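Biologist: Could you take me closely through one part of this structure, beginning with a single residue and its surroundings? Please then connect that part to the rest of the chain, in terms a first-year student can follow.

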Amino acid sequence: MKIVFFGTPEFAVPTLEKLLLNQEFEVLAVVTQPDKRRERGNKLTPSPVKNMAIAHDLPIWQPERIKKDTETLKKLKQLDADAFVVVAYGQILSQKILDMPKLGCVNVHGSILPQYRGAAPIQWCLYNGETETGITTMLMDAGMDTGAMLLKATTPIGLLDNADDVAQRLSVIGGDLLIETLYKLQQKEIQPIPQDNAAATYASLIQKQDYGLDWSRSALQLHNQIRGFYPNCTATFRNQPLKITASFPLGAAYNDELPPELQKMLQKLPDLSQISGSPGEVVSITKGVGAIAQTGEGLLLLREVQLPGKRPQSGWDFVNGTRLTVGEVLGNGS
């Protein structure tokens, strides 16, 4: 089967790798986003998908706007591919492109459709506290993740999983599911299922204001925000921004979610029922563990933080390095 692969971030790499390792498929070319300038050194940096394509000597096309790039459109048409595979490419494909391959354009999407259509399904899924997510393959149409569904695979979400953890797991699941989808599509063993638009939810691009932590929210809500938008959620500490990159809501309802090493940690904590404060206030510090902050509802353990210009550090190292004291107040992020 002749394939053209469209993808850009690390999430798409395992799917491309699966195609390249399978002799039943021939990847004719890779389409990825143009190289981007990164903050440090302002050097042009290729996408992870481009790096994989270079390693396998594949033709690489990087149009600024694929719908308007007549040269790329011409080359795509000439390839006469059986299928286009699209994984987090980052540009909308026109109907003209969608109509080119014989079997259609197959998208690997990081949610259980029709829930979480859009650009950031994994992040918003965690933010909303979902306990399960998955991959859906679909035949693309001109809408935003509205095409007919082909196959699905699911995975549970643990309370300590962050967006990177879930994305890594889903990227591997997506590669396997894509191979199965292409086989069954070619053999006409799949009946595409239209999505129920009434059940659809939308996962929009994350905006800068989404990263700001508001201590009046509950400990569980803040924890879900921190792991969903990892590693960028911020509070303020002594008039400086403070990233909080890992946390844990304290309480009997959550304890079973902890691995054994963190179960031992809980034994060091004081009687939390006797502790309270104002939202954002550091109400307890436990040696070897870290600081506990009051929220609008419940207590939040700060497991990992990052000060400006510093590497991420454990909650206990943060306490030691800043000489944090009980009674100090963390402000809301912006």
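**A residue and its surroundings**

Modeller: Thr322 touches Phe237, Arg238 and Leu307, when residues up to four places away in sequence are not counted. Please keep in mind that the model is a predicted one. Thr322 belongs to helix 9, which covers residues 315-322. Is Thr322 buried or exposed? With a relative accessibility of 13%, Thr322 counts as buried, because buried means under 20%.

The next residue to consider is Arg323, which lies in the segment after helix 9. Its relative accessibility is 71%, so Arg323 counts as exposed, the cut-off for exposed being over 50%. Arg323 also has a positive phi, about 55°, although it is not a glycine.

Let us turn from this helix to the strands. Strand 17 consists of residues 313-314. Strand 17 pairs with strand 16 in the antiparallel sense, over 2 bridges. Within this pair, Val305 stands opposite Gln313 of strand 17. Strand 16 and strand 17 form a hairpin with 6 residues between the strands. In that hairpin Gly309 takes a positive phi near 75°.

Strand 16 deserves a closer look of its own. How many of the residues of strand 16 are buried? Strand 16 runs over residues 299-306, and 6 of its 8 residues are buried, so the strand is largely enclosed by the rest of the structure. Besides strand 17, two further partners can be described. With strand 13 (residues 240-250), strand 16 pairs in the antiparallel sense over 7 bridges. There, Ser247 stands opposite Leu302 of strand 16. With strand 15 (residues 290-294), strand 16 also runs antiparallel, and 3 bridges join the two. In this pairing Ala293 stands opposite Leu300. Strand 15 and strand 16 make a hairpin with 4 residues between them, and Gly298 in its turn has a positive phi of about 95°.

A feature of the backbone can be added here. The peptide bond from Tyr230 to Pro231 is cis, with omega near 0°. Pro231 sits in the loop between helix 7 (219-228) and strand 12 (234-237). Phe237, one of the residues that Thr322 touches, falls within the span of strand 12.

For the connection to the rest of the chain, we move to residues with lower numbers. Here 7 strands form an open sheet with mixed pairing, in the order 5-2-1-6-7-9-10. Strand 5 (60-61) and strand 10 (148-156) are the edge strands, each pairing on one side only. Inside the sheet, strand 6 (residues 83-87) and strand 7 (residues 105-109) run parallel and are joined by 3 bridges. Val85 has Val106 of strand 7 as its bridge partner. Helix 6 (residues 163-186) packs on this sheet, where it touches strand 1 (2-7), strand 6, strand 7, strand 9 (132-139) and strand 10. The direction of helix 6 makes about 145° with that of strand 10.

Two loops that border strands of this sheet also carry backbone features. Ala88 is placed in the loop between strand 6 and helix 4 (95-98). Like Arg323, which has a positive phi without being a glycine, Ala88 has a positive phi, of about 50°, and is not a glycine. The relative accessible area of Ala88 is 37%, so Ala88 counts as partly exposed. Pro114 is found in the loop between strand 7 and strand 8 (117-118). The peptide bond from Leu113 to Pro114 is cis, with omega near 10°.

The last element of this account is a pair of helices. Helix 1 (residues 13-21) and helix 2 (residues 48-55) pack at an angle of about 20°, and their axes are 9 Å apart. Because angles under 35 degrees count as roughly parallel, helix 1 is roughly parallel to helix 2. Their crossing is right-handed. Helix 1 contributes Val13, Leu16, Glu17 and Leu20 to the contact, and helix 2 contributes Pro48, Val49 and Met52. Of these contact residues, 6 are nonpolar, none is polar and 1 is charged.

Note on methods
Residues are numbered from 1 along each chain as its sequence is written. This is a predicted model: local features need pLDDT of at least 70, side-chain atom pairs count only at pLDDT 80 or more; totals for chains, interfaces and linings use all residues. Side-chain values use heavy atoms; hydrogens and water are left out. Axes are lines fitted to C-alpha atoms, for helices over the stretch in contact, and angles run from 0 to 180 degrees between N-to-C directions. Angles under 35 degrees count as roughly parallel, over 145 as roughly antiparallel, 65 to 115 as roughly perpendicular and the rest as oblique. A crossing is left-handed if the near helix is turned anticlockwise from the far one by less than a right angle, and right-handed if clockwise. Contact means heavy atoms within 4.5 Å. Ala, Val, Leu, Ile, Met, Phe, Trp, Tyr, Cys and Pro count as nonpolar, Asp, Glu, Lys and Arg as charged, and the others, Gly among them, as polar. Buried means under 20% relative accessible area, exposed over 50%, partly exposed in between (1.4 Å probe, protein chains only). Two strands pair if DSSP finds at least two bridges between them.
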